[in-house]
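Grab the viewer and let's work through a few short exercises together. Try each task yourself before you read its solution.

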Amino acid sequence: MRFPEDVPELRDDLITLRAHTPADAEDVYELCQDPEMQRWTVIPVPYTQDDAAFFLTNLVPNGWREEHGTRHWAIEVDGRFSGSVSLHGGEGGVGEIGFSVGPWVRGRGVMTRAAKLAIRHAFDDLGWSRVIWRAFVGNWASRRVAWKAGFRGLVVVPGGGLARGVRYDEWVATVGRDDELEPQGNWWQVPELEGDGIRLRAPRLTDAQRVMEACSDERTQYWLAGLPSPYELHHAEGFITSRQESRASGEGVSWVIVDAGTDEVIGNVSVFAMLNRMDKGHGEIGYWMHPAGRGKSVMTKAVRLVIEHAFTPIEQGGLGRRRLVLLAAVDNTASAHVAEANGFHRVGVTRAAAPGREGRWDDDYVFDLLAGDPRP
Ligand SMILES: CC(C)(COP(=O)(O)OP(=O)(O)OC[C@H]1O[C@@H](n2cnc3c(N)ncnc32)[C@H](O)[C@@H]1OP(=O)(O)O)[C@@H](O)C(=O)NCCC(=O)NCCS
């Protein structure tokens, strides 16, 4: 192909994908100074004016001229160069997408629009059957774009990514020609829940010390014997950072209960097991309380707020659950009380189901609650 003459212009009502020009150099340079850009892509660091010129006069034109080279488009928004999207490869009908946009347009859906235009072009005009997206693990903005553009089947490839001689774990997902370019599955938000003097919010890394205290407490360790023992700060940090994955995959949502005055963590409530194959409306509730918060009915009230949210339809910002279950060891009177005070039905005992201390397995009471059940 000839550059720039043969570069097709692709557009929607906000953005235009067009051929790069040498006049984009200043904006390319500015984009590549951005820390996110340097952290998550393979550009040279430090990035110089010469690197921008080389990209525009060498890499981009040559990419178009080669048979399965990289086709880079400039993304133009409001008349300004705002980023690039590329299609790379395509042999045998499969190739990769790459993208970046300037901080000056982020968060407006620009990248999602550009990705969809490029993907449609790959399928409809280039005859590709599949597009691959790859990102270093932790690049949540990129993952969110991929999710919004319909990528699916996400896997982690340990050490699959390479930037400037360093290997990184990598996310990989794909979208096929017949797939809808729309999100697959739920990516949960964690709204703040408040009521009855209780406040629940998303956990933050600064909560790790309190989480560690709560989870290394003797009583928590006794009833939640599956927790690491001893439970150390890095376990708490791992728990908090893993919440993002849980939300993004649709598996679960966790809140911390905080003291309304000090914002200190006094407990945790989660709705999890939401990826149940047979029942898309299933969820399980789990919780623990920091010793400082016990004995004041706080958990009963917190679970009440979470139940309301879990049964609220997805279109109204809730979790759209149809049925919640809750398990509590048969001797764990305090936990069973939280369930029953919230209208859960005790439906039976599941035997030797929960890890107990010293290698034994404990029986659990099974509680359930349907969306239509009366609640106190
Ligand atoms: C990734 C990138 C292209 C996204 O551009 P963008 O124009 O902001 O993308 P969009 O607005 O279409 O979508 C971004 C989404 O990510 C969300 N997001 C941003 N940062 C996030 C984070 N840390 N955690 C979770 N979501 C995040 C935004 O809220 C938005 O979702 P929403 O529309 O549902 O609110 C941009 O951040 C970028 O250029 N980063 C540096 C280069 C890069 O990482 N390229 C990809 C390499 S694989």
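**Exercise 1. Find which residues surround the ligand, and name the closest ones.**

Solution. This is a predicted model, so let's start with the ligand and work outwards. Step one: select residues with a heavy atom within 4 Å of the ligand. Step two: count them, and you get 23 residues, with F99, G107, G109, T112 and K148 being the closest. Step three: sort that shell by type, which gives ten nonpolar, eight polar and five charged residues.

**Exercise 2. Work out which helices and strands supply at least two residues of the shell.**

Solution. Go along the chain and tick them off: α2 (35-40), β5 (94-101), α4 (110-124), β6 (130-136) and α5 (140-148) each make the list. Now ask which one gives the largest share: that's α5, with six residues.

**Exercise 3. Look for polar atoms of the protein that lie within 3.5 Å of an oxygen atom of the ligand.**

Solution. Take three residues in turn.

- T112 brings a polar side-chain atom to 2.6 Å from a ligand oxygen.
- G107 uses its backbone instead: a polar atom there is 2.7 Å from an oxygen of the ligand.
- R144 has a polar side-chain atom 2.8 Å from a ligand oxygen.

Next, check how covered the ligand is. On its own it has 960 Å² of accessible area, and the protein covers 76% of that. As for where it sits, the ligand is in the largest pocket.

**Exercise 4. Zoom out: what are the domains, and how far apart are their centres?**

Solution. The domain assignment splits off domain 1 (10-176) and domain 2 (193-370). Taking the centre of each over C-alpha atoms, you find 39 Å between them.

**Exercise 5. Hunt for backbone oddities: where are the cis peptide bonds at P4 and P230, and what is the phi of D78?**

Solution. Start at P4, in the segment before β1 (10-11). The bond joining F3 to P4 is cis, with omega about 5°. Then jump to the loop between α7 (218-223) and α8 (233-249), where you'll meet P230. Here S229 and P230 share a cis peptide bond, with omega about 0°. Last, go to the loop between β3 (70-77) and β4 (80-89), home of D78. Its phi is positive, about 50°, even though D78 isn't a glycine.

Terms used:
Residues are numbered from 1 along each chain as its sequence is written. This is a predicted model: local features need pLDDT of at least 70, side-chain atom pairs count only at pLDDT 80 or more; totals for chains, interfaces and linings use all residues. Side-chain values use heavy atoms; hydrogens and water are left out. Domain bounds come from an automatic or database domain assignment. A polar contact is a pair of N or O atoms within 3.5 Å; within protein, one must be able to donate a hydrogen and the other to accept it, and residues adjacent in sequence count only if both atoms are side-chain atoms. Accessible areas come from the Shrake-Rupley method with a 1.4 Å probe; for residues, only the protein chains shown count as cover. On a 1 Å grid over the protein atoms alone, a cavity is a set of points where a 1.4 Å probe fits but cannot get out, and a pocket is an open set with protein on both sides within 12 Å along at least five of seven lines; lining residues have an atom within 4 Å of a point. A molecule sits in a cavity or pocket if more than half of its atoms lie within 2 Å of its grid points. Helices (H or I, at least four residues) and strands (E, at least two) are DSSP runs, numbered from the N terminus. Ala, Val, Leu, Ile, Met, Phe, Trp, Tyr, Cys and Pro count as nonpolar, Asp, Glu, Lys and Arg as charged, and the others, Gly among them, as polar.
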